[in-house]
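Please open the model in a viewer in which residues can be selected by number. The tour below proceeds from one selection to the next and describes what is found at each stop.

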Amino acid sequence: MERSHYRNIITICIAFNSICISGSHPSTTAPTQWTRQKHTDHELTTDIYGKDTSQAVKNSSCDLVGQSGDTYVSDSATAYTEKMRLNGFDISDFAGANHNTTMMDNVLQSNEGISWSFISCSLLLIGFVNMIINFLRDYQMTKHLPGPNPFIPPNFFRGVNLPLSYFQNMMKDHAKVFCYWPAWIFTAPLIFVADAKCARQVLTDVKTFTKGADYTVRFATAIGNGMVTTVGDVHKRQRACVLRFFQKKTIDTYVPIFESKTIESMVDMDLVKVQPDGSIQTNLGVKDNFDIDLWVHLITIRVIAQICLGYDSSVDTAYEREGMVDIAFGQQVVGNRIFFKMPIFNFDPSIRKLRKKLDKMYGVLGDVIDKRNVTYRNNDATKDKEPDDILKALLDSGCDPQEVLEQLTTIVFAGFETTATFLSYALYRIAKHPEVQERIRAEMREVIGDKTEISHEDLNNLKYLACVLKESMRYSSVIPLVSRE
């Protein structure tokens, strides 16, 4: 259903371009009436120098002369004049009045420009009519569902800038299940499901409700064919390869990495100082204001790089921050195209820019893989010391190099921005409620006390903090929409 809509749009675009082309064709700027000049065997038998041209004339075709005196030479006339030039004839004044020519024997109206315009307008009309037919068909299928009036264009800009509040307000105005046309008649309708029971059915019934073009086309443009974008047996194989790294018992082993990367990021932003005895001294008395969003992004990218790749991203702080900006740019580009159900065009400047950034990320990940091979996999002395991480699992699985790159890009792209954004939202909500901060501090003093290292058992005992984080996730959802077809 979605493809038929975009065929209409493409048809209209082709028709529009055809009109532009026909408008710039010589037939629209040349004299409107053209004449055909014929030559017989006895005509033009000599030129002004007395050379015999009869044989050349026999092999010639006509040239086209405009009424205003301008000459438009056809391909056949060009071949003829070139042939005469090769035979040594001076044809510089061939089209002039000095030649012994016959009268114009017929006058033809050029219909070439008219043909272009007719074809263009026909394509435009066909595309528009087809779009209206598809719109009416979709309307007949969804008219029983509540939702905004489909005959009135929606507020595009509000939907892009504030999508969550935009759809929350529509849900209040209509129902928990409603129909919405994101780009009016130019795209297929969307059915929004906010009811928990219905949403569970949609997300668990993978045979009926598939990922669709939002994942297989639009997301794949930014992250390739990784675990998020693939379907069927390929998805099952990729998921099985890395599933154990996302289980709780494995995540519990990452707690020391979480702690060390958090402190490292705070030191780099001059928020704390680590004393020689290992104690931490805060600098908040000197530096009261800092960018929390940047801080949580640094923590997240360093944690993901360490636990997935065994790589310390802080060694290249320039690309570390550039990579964070590139991932945010990719999410914005893909998000807008998902929201409006826009197709992916190679000539789109944003898509071209995104792919250049993706190629650069592939280069960085490729360097990490090469270093892993040299340090561990191709070195018998250190082969047994290779970190047991996602990169090792992918390399051991026998995936081709491109699939390894796309899997790693998927994990970094999907895990980085979502986690960092959630932490930003959560800290913002906690900062807005001082009483919640005090309860969190009291719980941490009770559970952790004077410990210098935090264990996963300590985290499991922070019950109130867990509730606050879950409520923050509910209140400010990082991924408010998930699409299925």
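What follows is a sequence of selections in a predicted model, with a short description of each.

**Stop 1: the salt bridge between Lys-357 and Asp-326**

Select Lys-357 and Asp-326 and display their side chains, which meet in a salt bridge with an N to O distance of 2.9 Å. The two partners belong to distant parts of the chain, 31 residues apart: Lys-357 is in helix H15 (residues 349-377), and Asp-326 is in helix H14 (residues 317-339). Asp-326 is buried, at 7% relative accessibility, whereas Lys-357 is partly exposed, with a relative accessible area of 22%.

**Stop 2: Phe-329**

Keep Lys-357 in view and add Phe-329, a residue of helix H14. Lys-357 lies over the face of Phe-329, at 5.7 Å from the ring centre. Lys-357 thus appears both in the salt bridge with Asp-326 and over the ring of Phe-329. Is Phe-329 buried or exposed? With a relative accessible area of 17%, Phe-329 is buried, because the limit for that class is under 20%. Next, add Leu-354: the C-alpha atoms of Phe-329 and Leu-354 are separated by 7.6 Å, although the two residues are 25 apart along the chain.

**Stop 3: Arg-372, Asp-389 and a further pair**

Move to Arg-372 and Asp-389, which form a salt bridge with the closest N and O atoms 2.7 Å apart. Arg-372 lies in helix H15 and Asp-389 in the loop between H15 and helix H16 (390-396), so the salt bridge ties together parts that are 17 residues apart in sequence. Both of these residues, Arg-372 and Asp-389, are buried.

Then select Glu-386 and Arg-377, whose side chains also meet in a salt bridge, at 2.9 Å from N to O. Glu-386 counts as buried, with 10% relative accessibility.

**Stop 4: a salt-bridge network**

Select Lys-261, Glu-264, Asp-268, Arg-302, Asp-312 and Glu-320 together; salt bridges that share partners join these residues into one network. Over the whole structure, a search finds 21 salt bridges. Side chains of opposite charge can pair when their charged atoms come close.

**Stop 5: aromatic pairs**

How many aromatic pairs does a search of the whole structure find? The search gives five aromatic pairs. One of them is formed by Tyr-215 and Phe-219, a tilted pair with 5.5 Å from centre to centre and 35° between the planes. Both residues are in helix H9 (residues 213-223); because they are four residues apart there, about one helical turn separates them. Tyr-215 is buried at 12% relative accessibility, while Phe-219 is partly exposed at 23%.

For a pair in another geometry, select Tyr-254 and Phe-258. Their ring centres are 6.4 Å apart and their planes stand at 70°, so this pair is edge-to-face. Tyr-254 is buried, with a relative accessible area of 11%, and Phe-258 is partly exposed, with 29%.

Return to Tyr-215 and add Lys-211. The charged end of Lys-211 sits over the ring of Tyr-215, 6.0 Å from the ring centre.

**Stop 6: a loop residue, Asp-270**

Go to the loop between helix H12 (255-268) and strand S7 (272-274), and select Asp-270 there. What is notable is the backbone: phi of Asp-270 is near 60°, a positive value in a residue other than glycine. Asp-270 counts as partly exposed, at 42% relative accessibility.

**Stop 7: a nonpolar surface patch**

Show the surface and select Leu-125, Phe-128, Val-129 and Ile-133. These residues form a nonpolar patch on the surface, and together they have about 380 Å² of accessible area. Ile-133 is found in helix H5 (residues 112-142).

**Stop 8: cysteines**

Finish by selecting Cys-198 and Cys-308. Cys-198 is partly exposed, with a relative accessible area of 35%; Cys-308, by contrast, is buried, with 7%. How many disulfides does the structure hold? There are zero disulfides in the structure.

Methods:
Residues are numbered from 1 along each chain as its sequence is written. This is a predicted model: local features need pLDDT of at least 70, side-chain atom pairs count only at pLDDT 80 or more; totals for chains, interfaces and linings use all residues. Side-chain values use heavy atoms; hydrogens and water are left out. Rings of Phe, Tyr and Trp (its six-membered ring) pair if their centres lie within 6.5 Å; planes under 30 degrees apart count as stacked, over 60 as edge-to-face and the rest as tilted. Helices (H or I, at least four residues) and strands (E, at least two) are DSSP runs, numbered from the N terminus. Buried means under 20% relative accessible area, exposed over 50%, partly exposed in between (1.4 Å probe, protein chains only). A charge sits over a ring if NZ of Lys or CZ of Arg is within 6 Å of the ring centre and within 35 degrees of the ring normal. Patches are made of residues with over 30% relative accessible area and no salt bridge: like charges are joined within 9 Å, nonpolar side chains (Val, Leu, Ile, Met, Phe, Trp, Tyr) within 5 Å. Accessible areas come from the Shrake-Rupley method with a 1.4 Å probe; for residues, only the protein chains shown count as cover. A salt bridge is a side-chain nitrogen of Lys or Arg within 4 Å of a carboxyl oxygen of Asp or Glu. A disulfide is a pair of cysteine sulfur atoms within 2.5 Å.
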